[in-house]
Each structure stands twice: as structure tokens, then as C-alpha cells.
Amino acid sequence: MGWSFPDPEACHAWGKGLGETLTIPAVIFLEGDLGVGKTTLAQGVLRGFGVPGRVKSPTYTLIESYATAHGPALHLDLYRLSDGEELEFLGIRDYLDEAALWLIEWPERGVGFLPEPDLRLRLSIASPGHHRLEVLLATARAASWLPFPPAGEEHDG
Amino acid sequence: MRVLGIESSCDETGLALYDTQGGLLGEVLFSQIDIHAPYGGVVPELASRDHVRRLPLLLRELQQQTGVERPDAIAVTAGPGLMGALLVGVSFARALGFAWGVPVLPVHHLEGHLLAPLLEGEAPFPAVALLVSGGHTLLMEVRGLGDYTLLGETLDDAAGEAFDKAAKMMGLAYPGGPILAQWAERGDPTAFALPRPLLDRPGLDFSFSGLKTAFRYALDKVRPASDQQLADLAASFQAAVVETLAEKCRRALGQTGHRRLIVAGGVGANKALRSRLADLASGARNREPIALHYPRLSHCTDNGAMIALVGGLRLAGGLVPAPDFPVRARWPMESLETR
């Protein structure tokens with residue numbers, strides 16, 4: 001399934017729609033290279049889930065946690081991780097017991113130490129100003145979370 | 001009074017001994033790039049945030065360096081930062097406090113950064129402080145010890161993080177911010193038109209995430225880029241960040257009326273930023289000159305000295321340490337208690 005975004009606002013709105021409809025426990029992987037819009041999409045999802053105020057980049061702190069009316073939200077950015085085992089040093093096990101929204105950027109760097117995803121979102125740049133989102137459903141329950149119907153193939157790429 | 005300072009909120013592990021009469025007596029630091037003999041050569045990157053193994057060794061080293069076995073008090077970073085990393089430092093501090101029978105007091109990591117220029121012997125308050133690093137980008141009004149107001153901060157990425165990520169896109173190693181700055185010296189800062197995020201809006205907040213995407217577009221357009229194009233890209237990127245930071249500093253000084261600017265954090269070492277701020281400080285539009293205050297370079301990044309300093313200042317100011325205190329991953333600076 002694919003969506004295409006003509007501007008950052010559309011990307012944020014899609015993420016917000018997802019954040020509003022998903023139910024925890026939810027594990028979402030957010031993939032794509034630097035500058036493709038992961039920050040914008042993540043901010044949308046967290047805003048939709050009810051995170052108030054600023055959503056700062058977790059690149060430096062690796063994990064930011066938020067308490068919302070819908071439950072806890074964990075925003076991870078594994079960009080600086082060199083080995084998944086480092087997640088043990090960060091105490092990732094302490095978070096695994098509780099139902100939460102897990103939003104994980106650069107999940108490929110934490111392979112083997114992360115919960116299984118429900119959804120994989122992969123962003124890329126089709127052309128300047130025009131970004132593409134590919135969505136892979138890893139669990140059936142995640143199908144009902146997606147906002148707006150997918151864009152037709154004629155809009156893709 | 002001699003205060004042991006302990007910092008372990010993120011990657012660096014730092015210890016220092018500060019004397020409220022005699023100043024800084026000694027300090028030791030372990031960072032990812034600082035491979036030290038006692039650790040037996042190369043430390044695996046895997047353990048880059050493994051403070052547990054480093055703290056006892058660093059304490060021994062500091063005790064040998066200063067000749068002081070037991071301080072009169074312990075100050076430890078209790079937040080904000082990475083919860084696991086903070087807990088290691090605080091547990092270490094509490095154990096030492098119990099064993100030595102000395103008080104332990106919590107220190108706010110960012111207050112350490114803001115007050116670090118005091119380690120040079122000056123008390124530059126009231127002032128506006130720009131804290132700009134890989135993890136933070138914020139403007140704070142500092143009226144005095146414990147008296148702070150947040151003026152603005154980043155809505156997404158920190159400036160240092162933006163530098164590192166742009167460097168990565170160029171194919172430079174992480175953290176590549178300082179390397180990007182070297183490339184920028186040979187480039188034309190006007191070669192590429194990159195956005196100045198939030199400059200067109202009032203307020204003192206920052207946003208650097210959109211700049212990543214703009215940088216990516218510019219880079220993709222010239223791929224495969226020549227060395228001169230890469231240098232021009234680096235210079236244009238640096239100019240966008242520096243101009244944004246400097247302009248917000250100018251607004252913050254105007255808004256508060258203060259004539260002193262403290263610049264702390266790793267990006268504070270950036271030459272282009274220092275040059276731009278020097279222009280700002282001596283600008284013809286100023287009624288009176290603006291004084292710039294930088295900590296020494298080794299105190300721009302995380303260190304134990306700034307934590308020991310804040311602990312010492314608090315105790316000298318009459319703070320009575322509570323027997324227990326929370327460790328906080330997030331901790332608004334305006335809620336600090338001074339007594």
C-alpha cells in the first residue's frame with residue numbers, strides 16, 4: 001500500500017490520523033533515509049495519539065516517553081546505536097511489560113532486541129517536495145488503523 | 001567545602017572535585033573518543049553508554065589526581081537525560097554518600113551547562129544563555145543562581161544533531177558536525193539557498209528538521225557532487241544554522257534587555273557561530289556593547305566540573321540537601337529549588 005504527500009503538512013496529517021485511530025499495544029517501525037520526513041510523520045502520530053506540547057528528536061536521548069490519556073507512548077530513535085545489544089544498557093526490558101505505543105525510528109539498528117512490529121512505514125523522496133510512504137501490515141489488527149484510502153498507482157512515484 | 005561532581009546523563013562519564021573556596025581542584029572524563037590506559041586499550045562501541053564500569057575507575061583516578069580521598073559533599077546529575085544512565089550515576093553517588101557519611105544533592109544537567117562559565121571565575125548575570133549542542137538547543141534567561149526562564153527551544157532536532165545528520169548525508173563519519181564545519185571553511189555560504197527555519201515568525205523557538213530535507217534536495221540535485229560543491233553545500237548549511245541561532249540570540253537580548261550572552265554546549269565551539277556572535281556583540285546598533293561568555297572548550301560538552309560547581313554554589317548558598325530525591329528523565333528547569 002502506498003500514499004504520496006505533496007507537502008509536510010499532508011505527511012503530518014496522515015500521521016495524526018494514524019495516531020488517533022490506533023489502539024495499544026501498537027508497535028510501529030518508521031524507516032527511511034535522513035531528510036525523508038520521518039520527524040514530521042512521527043510528530044503527527046504522537047500528536048494524534050494525544051501527546052501534548054513539544055515532540056523533540058530522541059536522536060540524542062535514544063528514547064523519549066510520554067504519558068497520554070490513551071496510555072504511554074515511547075518514541076525511540078536508534079540512529080546512534082551501533083549494536084542492538086546496547087538497548088539492554090538503556091533498560092529496554094523495563095518498558096516491555098506495559099501496553100504502549102512504540103514508535104521506532106531506525107529499527108534496523110535494533111534487530112533482535114525490539115518487539116515485533118504491527119506496522120512498518122517506509123518513507124522516501126519521489127521528487128523534491130513530493131514524498132512517498134509505503135505501508136507494510138505485519139499484523140491484521142493494524143489494518144483498521146490506517147487513515148485515508150491509499151493513493152492510486154497513478155499518483156505513485 | 002569540597003564537592004565531588006558526577007555526570008552520567010548520556011554518553012560521557014565525568015567526575016570532578018570543586019572547592020567552594022579554591023575552585024576546581026581536578027577533573028576526569030571518559031568519552032567515546034577518549035580511550036584511556038586503565039581500560040586496556042580499545043573500548044568497544046557497544047559499551048559507549050556503560051557508565052557502570054567507568055565510574056569506579058574514574059573516581060580512583062580523580063582521587064589520585066587531587067590527593068583527596070573523601071569530599072564534604074557529592075553533587076550528581078539527577079536529570080534530564082537517559083533514565084538508565086542517570087540511575088547509574090545517582091546510585092553510585094548515593095552509595096558513596098552512605099559510605100562516607102556525606103550529603104548527596106541532585107543537580108540539573110542544563111543548569112550545569114549554563115553556569116559552566118563561572119568555572120572561569122566570573123559571574124556573568126543577569127544574562128541570556130544559548131545552550132546549543134547535539135542534544136539541546138534552547139535560549140534561557142538567567143537572572144541569577146536558580147532563577148531561570150525558558151525563552152525558547154527547538155521544536156524538533158537540536159542544532160548539533162542537524163549538523164551531524166547533514167554531515168552524514170554528505171558521507172562524512174558520525175558525529176560529523178565538526179568535519180562539516182571544516183568543509184564549510186572552503187565553501188561559499190551563498191551558493192545554495194537553504195531555509196532559515198522560523199526566522200519569519202516571531203518568538204524564540206527553533207526548528208531544524210525541515211532543514212535536513214532541504215539539504216537533502218540540494219545534495220541530490222548536484223550528485224555526484226564535486227569537492228567544491230560539497231564545500232559550498234556545507235558552507236550554505238552552516239550559514240543557515242548560524243544565522244538562525246544568532247538572530248534568535250539578538251531577539252532574546254532585545255526582549256530581555258540583558259547585555260550579556262552566555263554560549264554553552266558543543267556547537268558553541270563552532271568558529272562561524274563565534275564569529276557571527278562577535279559581530280552581533282559589537283554591532284553598531286547596540287546602545288552598549290554585549291559581553292560574550294564562553295566556558296573553556298573542554299567544558300562546552302558534558303563534564304563533571306559543571307555539576308560539582310552547581311553543587312558547591314547551592315551548598316554555599318545555604319541549600320540543605322534532602323535525604324532523598326527523584327531521578328528525572330525530564331525536568332523543567334524553571335521548577336528548580338534554590339533553598
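Start at Arg186(B), which lies over the face of Trp183(B), 5.0 Å from the ring centre. The model on screen is predicted. Then select Arg330(B) together with Tyr66(A): the charged end of Arg330(B) sits over the ring of Tyr66(A), at 4.9 Å from its centre.

**Aromatic pairs**

Over all chains, the count of aromatic pairs comes to six. For one of them, select Trp3(A) and Trp14(A). Their ring centres are 5.2 Å apart and their planes stand at 65°, so the pair is edge-to-face, the cut-off for that class being over 60 degrees. Trp3(A) belongs to strand S1 of chain A (residues 2-5) and Trp14(A) to helix H1 of chain A (residues 8-21), so the pair ties together parts that are 11 residues apart in sequence. Both Trp3(A) and Trp14(A) are buried.

Move to chain B and select Phe215(B) and Phe237(B), an aromatic pair that is edge-to-face, with 5.2 Å centre to centre and 70° between the planes. This pair links distant parts of the chain: Phe215(B) is in helix H6 of chain B (residues 209-222), Phe237(B) is in helix H7 of chain B (residues 227-256), and they are 22 residues apart. Phe215(B) has 0% relative accessibility and therefore counts as buried, the limit being under 20%. Phe237(B) is buried too, with a relative accessible area of 1%.

Back in chain A, add Phe5(A) to the earlier selection: Trp3(A), Phe5(A) and Trp14(A) form one aromatic cluster.

**A hairpin in chain B**

Show residues 137-144 and 147-153 of chain B, which are strands S7 and S8. These strands run antiparallel and are joined by six bridges. Select Val142(B) in this hairpin, and Tyr148(B) in S8(B) is found opposite. Two residues lie between S7(B) and S8(B), and Gly146(B) in the turn has a positive phi of about 80°.

**Annotated positions in chain B**

Next select Leu131(B), Val132(B), Ser133(B), Gly134(B), Gly135(B), Asp164(B), Gly177(B) and Asn270(B). An unreviewed UniProt entry gives these positions the feature "binding site".

Zoom in on Ser133(B), in the loop between strand S6 (127-132) and S7 of chain B. Ser133(B) has a relative accessible area of 12% and is buried. With neighbours within four places in sequence left aside, the contacts of Ser133(B) are Ala158(B), Ala159(B), Gly160(B), Glu161(B), Gly265(B), Gly266(B) and Val267(B). Show the backbone of Gly135(B) as well: its nitrogen is 3.3 Å from a polar atom of the Ser133(B) side chain.

From there go to Asn270(B), in the loop between strand S9 (260-264) and helix H8 (271-281) of chain B. Is Asn270(B) buried or exposed? With a relative accessible area of 10%, Asn270(B) is buried, because the limit is under 20%. Select what surrounds this residue: leaving aside neighbours within four places in sequence, Asn270(B) is in contact with Phe163(B), Ala181(B), Gln238(B) and Val242(B).

**Last stop, chain A**

Select Glu98(A), in the loop between helix H4 (93-96) and strand S5 (101-105) of chain A. Glu98(A) has a relative accessible area of 53% and is exposed. Add Val45(A) and draw a distance between the C-alpha atoms: Glu98(A) and Val45(A) are 53 residues apart along the chain, and these atoms are separated by 19 Å.

Key: Residues numbered from 1 in each chain as written. Chains lettered and ligands numbered in written order. Heavy atoms only, no water. Pairing = 2+ DSSP bridges. Helix = DSSP H or I, 4+ residues; strand = E, 2+ residues; numbered from the N terminus. UniProt positions renumbered as here; feature names shortened; annotations may be inferred. Buried < 20%, exposed > 50% of the residue type's maximum accessible area, 1.4 Å probe, protein only. Contact = heavy atoms within 4.5 Å. Polar contact = N/O pair within 3.5 Å; in protein donor to acceptor, adjacent residues only side chain to side chain. Phe/Tyr/Trp six-rings, centres within 6.5 Å; stacked < 30°, edge-to-face > 60°. Lys NZ or Arg CZ within 6 Å of the ring centre and 35° of its normal.
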